[in-house]
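Let's take a walk through this fold together, starting from one residue and working outwards to the helices and the sheet. Have the sequence and the 3D view ready.

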Amino acid sequence: MEGNHENQALWERFYVYSNTLNESLRQQTPPPFESDIGYKYIYHPFEYAGEIYRNFLKKYLNGPKKILFVGMNPSRFGSLQTGIPFGDIPTVRDRMKLQGAIRNAPNLHPNITIKGLQSPEEIEESSQRFWNLIKAIFNCEEDFLDRFFENCFVHNFCPLVFIDNNGYNVSFADVTERVPDMEKACLDILQQQLELLQPEIIVPIGWYVYEKLWELDYCKQGKCVLERIRHPIPHCFVQENDWIDESRKKLLKNRTFSYIVRN
């Protein structure tokens, strides 16, 4: 897949960029990875769930996208197992109809194993809330994925999952305070991916991603509009409908966004 870009589909080129980033991050975090801020377990879904991720790109990344949603990095349920941004298992397996083999992964937390789409369906509330927002925006229950991916795409700033000794997520924003080269690698690749996708509107999910996007030439040169929404993490929004209502109203105030999702 590393051949001449002119002969590659857009999703293949996007995949090559993702692979380059993963290799760069792998070099910075060789196992066993020890940290002085309380984590030592780093999961690389791109490696062990790469087949599912490739199938995701092949199915949904069929051309440039006018709207790009960007999250920070995967969480320990859902995306950690599937490799798909905001990819809770029921959505990926039952709605997207994606499949793929799972490879062995090194240096796992004893309580967080990798079983892919066969994992017990732990509730990944942030992912579920994201897709419920998409349903609300498109005002439909059945074909919301097809309508979303026609002009939109979803991506993570960083593909890695960081787990502390107790089995909880460590925010990538906390990680980069000690390992800034990881953040730079993510920024460099994201710039290339944006040039490839050519989004008119980027929706950063949370403050960290919003601030980092402004460091990219693609955004600084006015090639897109940034429409930040808050992260759907449950401890920030106890009621799911509060986050959905706030995010939906904010996005649909943008006339371009409203036009794209209504047509």
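A good place to begin is L196, which lies in helix 9, the stretch of residues 180-197. Please keep in mind as you look that this is a predicted model. Is L196 buried or exposed? Its relative accessible area is 10%, and buried means under 20%, so L196 counts as buried.

What does L196 touch, once residues up to four places away in sequence are set aside? Its contacts are L10, R13, F14 and Y17. There is also a link to another part of the chain: P64 is 132 residues away along the chain from L196, yet the C-alpha atoms of the two are separated by 7.1 Å.

Those contacts lead us to helix 1, which covers residues 10-28. With 19 residues at 1.5 Å a residue, helix 1 should span 27 Å, and its end C-alpha atoms are 28 Å apart, which agrees. The buried residues of helix 1 are L10, W11, F14, Y15, V16, Y17, S18, N19, L21, N22 and L25. What do they pack against? Their partners are helix 2 (45-48), helix 3, strand 3 and helix 9.

Let's follow one of these partners, helix 3 (residues 50-60). Two packed helices are described by the angle between their axes and the distance between the axes. Here the axes of helix 1 and helix 3 come within 9 Å and cross at roughly 145°, and the crossing is right-handed. On the helix 1 side, W11, F14, Y15 and S18 take part, meeting Y53, R54, L57 and K58 of helix 3. Sorted by character, the residues of this contact are five nonpolar, one polar and two charged.

Now turn to the sheet. Strands of a sheet pair through backbone hydrogen bonds, either parallel or antiparallel. In this model, four strands make an open sheet, ordered 3-2-5-6, with parallel pairing. Which strands stand at the edges? They are strand 3 (152-156) and strand 6 (225-226); each has a single partner strand, so one side of each is left without a neighbour in the sheet.

Further in, strand 2 (residues 67-71) runs parallel to strand 5 (residues 201-204), and four bridges join them. To find your bearings there, look for F69, which stands opposite V203 in strand 5. Finally, helix 7 (residues 144-151) lies across strand 2 and strand 3, and runs at about 85° to strand 3.

Methods: Residues are numbered from 1 along each chain as its sequence is written. This is a predicted model: local features need pLDDT of at least 70, side-chain atom pairs count only at pLDDT 80 or more; totals for chains, interfaces and linings use all residues. Side-chain values use heavy atoms; hydrogens and water are left out. Axes are lines fitted to C-alpha atoms, for helices over the stretch in contact, and angles run from 0 to 180 degrees between N-to-C directions. Helices (H or I, at least four residues) and strands (E, at least two) are DSSP runs, numbered from the N terminus. A crossing is left-handed if the near helix is turned anticlockwise from the far one by less than a right angle, and right-handed if clockwise. Contact means heavy atoms within 4.5 Å. Ala, Val, Leu, Ile, Met, Phe, Trp, Tyr, Cys and Pro count as nonpolar, Asp, Glu, Lys and Arg as charged, and the others, Gly among them, as polar. Two strands pair if DSSP finds at least two bridges between them. Buried means under 20% relative accessible area, exposed over 50%, partly exposed in between (1.4 Å probe, protein chains only). The expected span of a helix is 1.5 Å times one less than its number of residues.
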